[in-house]
Amino acid sequence: MIKKLFNKLRSKKEVKTIGVFYICTGRYNIFWERFYRSAEKYFCPGIKKHYFIFTDQEINPAGPDVTIVHQDKLGWPYDTLMRFHMFNGVREQAMQFDYLYFFNANMVFLSKVKPKQILPEGEDKLVGTLHPFFYGGTEGAPYETNKESAAYVNHEEARHYVAGGLSGGLAADYLSMSAEIAANIDKDQSKGIIAIWHDESHINAYFSKLKQYKILNPGYIVPEKRLKNFPFKPYLVVLDKVFAGGHELLRG
């Protein structure tokens, strides 16, 4: 009897939850349903997931596993630059989950992603993804070079160039990163500075200072045009925006 009770309590403790951040202001809401269906099928099956959708549009499907957070369209580049400010706005609700992950709107899961593949383990607290164009090393990677910017990275000290479109980790650590990056963006703006690759520049600056983190290979962020000949197994594809009207139409 005691053994059964212990096993029941242990199993409850081991149940994990994942909060997903997803931004689709303006016309980007056209990507939501396909992303959602694929995530429910392939993203850590069996683990409870909840989606925080930052949008000014109607969202379908939108059930009990979806929290819609009204977010006005800010215009380019602020729709991407200010994403960490958006995450901070739901900090209290997001802290109810064990892990938090952000995915770009135009991403779709292609293959099953098991928890062991993508969730941090051991000393890892955060998860970054190698950029699909700069995974062979940091040579030529477009770090921010303006030393006046909080996103500045000393190229010689950087280990990886991470993509801005997929990141995650333990909830408390991810929100701590979000708060610091948002503050750094505010500092830059007070100086009239916008980092060269916006939020991606800032997340690279943050990761460049970390001693330990989990790094995913570029198979988790494969550009659709390179899908056939990509040298990594594709788990997620980044849909080409040309087939949805192009950048200018989507940015509105």
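A crossing of two helices is called left-handed if the near helix is turned anticlockwise from the far one by less than a right angle, and right-handed if it is turned clockwise. By this convention, the crossing of helix 7 and helix 8 is right-handed. The structure described here is a predicted model.

Two packed helices are described by the angle between their axes and the distance between the axes. For helix 7 (residues 171-190) and helix 8 (residues 198-208), the axes come within 10 Å and cross at roughly 125°. Helix 7 is therefore oblique to helix 8, since angles of 65 to 115 degrees count as roughly perpendicular and those over 145 as roughly antiparallel. On the side of helix 7, the contact involves Ser176, Met177, Glu180, Ile181, Asn184, Ile185 and Asp188, which meet His202, Ile203, Tyr206 and Phe207 in helix 8. The residues of this contact comprise 6 nonpolar, 3 polar and 2 charged.

Helix 8 is mostly covered, with 10 of its 11 residues buried. The buried residues are His198, Asp199, Glu200, Ser201, His202, Ile203, Asn204, Ala205, Tyr206 and Phe207. Their cover includes helix 7 together with helix 3 (78-81), helix 4 (83-88), strand 6 and strand 7.

Strand 6 and strand 7 also belong to an open sheet of 7 strands, arranged in the order 3-2-1-4-7-6-8 with mixed pairing. Strand 3 (66-70) and strand 8 (214-216) are the edge strands, each pairing on one side only. From one strand to the next, the twist averages 20°. Strands of a sheet pair through backbone hydrogen bonds, either parallel or antiparallel.

Within the sheet, strand 7 (residues 166-170) is joined to strand 4 (residues 99-103) by 5 bridges, and these two strands run antiparallel. Tyr101 has Gly168 of strand 7 as its bridge partner, and Phe102 is partnered by Ser167 of strand 7. Strand 7 also pairs with strand 6 in the antiparallel sense, over 2 bridges; here the bridge partner of Leu126 is Gly169 in strand 7. Of the 5 residues of strand 7, 4 are buried, and the strand is thus mostly covered.

On the way to the edge of the sheet, strand 6 runs parallel to strand 8, to which 3 bridges join it. Thr129 stands opposite Leu216 of strand 8. In a regular strand the side chains alternate between the two faces of the sheet. In strand 6 (residues 126-129), Leu126 and Gly128 point one way, whereas Val127 and Thr129 point the other way. All four of these residues are buried.

Another part of the sheet is crossed by a helix. Helix 2 (residues 32-42) lies across strand 1 (17-23), strand 2 (48-55), strand 3 and strand 4. The angle of helix 2 to strand 2 is about 165°.

Outside these elements, one loop residue was examined. Asp240 is found in the loop between strand 10 (236-238) and helix 9 (247-251). The relative accessible area of Asp240 is 13%, and because buried means under 20%, Asp240 is classed as buried. Leaving aside neighbours within four places in sequence, Asp240 is in contact with Glu224 and Lys225.

Conventions:
Residues numbered from 1 in each chain as written. Predicted model: local features only at pLDDT ≥ 70, side-chain atom pairs only at ≥ 80, totals over all residues. Heavy atoms only, no water. Pairing = 2+ DSSP bridges. Helix = DSSP H or I, 4+ residues; strand = E, 2+ residues; numbered from the N terminus. Axes fitted to C-alpha atoms, helices over the stretch in contact; angles between N-to-C directions. Contact = heavy atoms within 4.5 Å. Buried < 20%, exposed > 50% of the residue type's maximum accessible area, 1.4 Å probe, protein only. Parallel < 35°, antiparallel > 145°, perpendicular 65-115°, else oblique. Nonpolar A, V, L, I, M, F, W, Y, C, P; charged D, E, K, R; others polar.
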